[in-house]
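Please work through the following exercises with the sequence and the model side by side. Each one sets a task and is followed by a solution in steps.

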Amino acid sequence: MTAHPDSPSPAALNGQPADLLVAGAELVATVDTERRELPGGWVAITDGLVSGVGAAGDEPPAARRVLRADGCLVTPGLVNTHHHIYQNLTRAFAPSLHGTLFQWLTTLYPLWSRLDEEAVHVSAYIGLTELALGGCTTTTDHLYVHPKGGGDLISAEIAAARELGMRFHPTRGSMSLSKKDGGLPPDSVVQDPDEILAESARLVAAHHDPAHGAMVRIALAPCSPFSVSPELMTATAELAERLDVRLHTHLAEDPEEDDYCLAVYGRRPIDHFAEVGWGSDRSWVAHCICPNEEEVARLGSWGTGVAHCPSSNMILGGGLAPIREFRAAGVPVGLGCDGSSSADSASLWMEARNAMLLGRLRHGSAAMSARDALEIATRGGAGCLGRVGEIGELSVGAVGDLVVWPLTGIAFAGALSDPIEAWLRCGPVASRHTVVAGRLVVEDGTPTHPGVDEMLARHRTIATGIQAAVEDAGPIPAATTRA
């Protein structure tokens, strides 16, 4: 086994005991470059990195701690490439549930204008814990609402990730076009472009870690073509180039976005994306439901990644993303939970299952297997985040992030022939153990951090206040909703 060329040499390779050995698995699905599947396999982790991987016949190293995985599937930690964690404060908010994307946003923007550091910290703590229970070890977050006087929201959620031990890629989102400028959001949640760029640079300097195995990396993420000026998109791309960080935005999310871009800019969303300098392998985009064949090929030629958000796409009724076409064109495709209320359950297991089902619905039963969905949820996410070979696989020198999934009990009775297919076809499944950088964040199905109950109580209080903040938020009229 060879270590990743950019990684430190793990101590276990020099005869020292590993910090953690996960042993006795029904199957270890490495999702490495060779896609090895190891019956009876084991994984050793030292100094936060994978220091050994083997099958039943390979002698494992000594270890300071052994975690048994009998009757379980072991996979790399799942990678969430698009989320709005703060939106769990308005989960399943009744007045917003039956409209189009634009109607949903305009209903919720006034509520989100009440965000502050405490609200974001508590929602991030709860959201990250929920993700860990669903097998996620690395997550992005697209926080684009920055109300005046709300404080340093990105640092507040980074603090929650560090407290819990999750690997975190927050993106400094932004909106600069309010209703008076022809955009969608109200004045209370937009910012001046100079302030956005200055804050983006400050956060990168304060938190971004480019090193192999980094726990925190920052990306820059103007929200969408209908909430950000072309000038800000261009300036953000130039800043990302100077700072060597990644770029993220929503793109081709809904037919209404096509109509908006054609009316305002005289071009389709992906043409607009290219015009403002974002067509590169530094970028990854959310949803991308509505590209045509030529646009799919352009995304592939640029190396621009796509965060596929199956549950959100279905709930908002925007359409079926062309995932098989993206992958055939060389587009890195990862999975995204997206935020509430467009997708109210933050489980990457559920997103992987829905990706598999939607792929088969669009192109037939041979179009998407559980292995394809697992690869999108792991290696595909690594491609979106520029971390191939580092996250999303179990190989020597990659990060020590993995999930132990139970394959026993009533839901798996009779599922004897293929543990990976059983993992997505049976269930639903939550992780038995979730390990990040060699440390358990979920053990025996329970979060290891002791503060969850207190945070849930605080979350309820904050969510109650935010949802009561706008007295005139009535339901969307049924006649205007999309079937």
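A residue is called buried when its relative accessible area is under 20%, exposed when that area is over 50%, and partly exposed in between, with a 1.4 Å probe and protein chains only. Helices (H or I, at least four residues) and strands (E, at least two) are DSSP runs numbered from the N terminus. The model is predicted, so that local features need pLDDT of at least 70 and side-chain atom pairs count only at pLDDT 80 or more, while totals for chains, interfaces and linings use all residues. Residues are numbered from 1 along each chain as its sequence is written, and side-chain values use heavy atoms, with hydrogens and water left out.

**Exercise 1. Describe strand β17 and its partners.**

Step 1. Begin with the side chains of β17, residues 433-436: His433 and Val435 point one way, Thr434 and Val436 point the other way, and all are buried. In a regular strand the side chains alternate between the two faces of the sheet.

Step 2. Look next for the partners, where two strands pair if DSSP finds at least two bridges between them. Strand β16 (residues 402-406) runs antiparallel to β17 and is joined to it by 3 bridges, with Leu402 opposite Val435. Strand β18 (residues 439-443) also pairs with β17 in the antiparallel sense, over 3 bridges, and here Val436 stands opposite Arg439.

Step 3. Examine the connection: β17 and β18 form a hairpin with 2 residues between them, and Ala437 in the turn has a positive phi of about 55°.

**Exercise 2. Place these strands in their sheet, and then describe the sheet that contains β1.**

Step 1. The open sheet that holds β17 has 7 strands in the order β3-β2-β7-β16-β17-β18-β19, with mixed pairing. Because β3 (37-39) and β19 (446-447) stand at its edges with a single partner strand each, one side of each is left without a neighbour in the sheet.

Step 2. Within this order, strand β2 (residues 27-29) and strand β7 (residues 72-76) run parallel and are joined by 2 bridges, and Val28 stands opposite Val74 in β7.

Step 3. Turn to the open sheet of 4 strands, whose order is β5-β4-β1-β6 and whose pairing is mixed. Its edges are β5 (49-54) and β6 (66-68), each with a single partner strand, so one side of each lacks a neighbour in the sheet. The twist averages 20° from one strand to the next, where axes are lines fitted to C-alpha atoms (for helices over the stretch in contact) and angles run from 0 to 180 degrees between N-to-C directions.

Step 4. Strand β1 (residues 20-23) runs parallel to β6 and is joined to it by 3 bridges, with Leu21 opposite Val66.

**Exercise 3. How many disulfides does a search of the whole structure find?**

Step 1. Apply the criterion, a pair of cysteine sulfur atoms within 2.5 Å; the search finds 0 disulfides.

Step 2. Check individual cysteines: Cys288 is in no disulfide, and its nearest cysteine sulfur, that of Cys290, is 8.3 Å away. Cys426 is likewise in no disulfide, the nearest cysteine sulfur being that of Cys72, 14 Å away.

Step 3. Cys288 counts as buried because its relative accessibility is 0%, and Cys426 counts as buried at 19%.

**Exercise 4. Describe the largest cavity and its lining.**

Step 1. On a 1 Å grid over the protein atoms alone, a cavity is a set of points where a 1.4 Å probe fits but cannot get out, a pocket is an open set with protein on both sides within 12 Å along at least five of seven lines, and lining residues have an atom within 4 Å of a point. Grid points are joined across faces, edges and corners, and a volume is the space filled by probe spheres set on the points.

Step 2. The count comes to 5 cavities of 30 Å³ or more, and the largest cavity has a volume of about 110 Å³.

Step 3. Its lining has 14 residues, of which Ala321, Ile323, Leu358, Gly359 and Arg362 lie nearest the centre of the largest cavity. Helices α10 (323-328) and α11 (348-363) each supply at least two residues of this lining, and α11 gives the most, with 5 residues.
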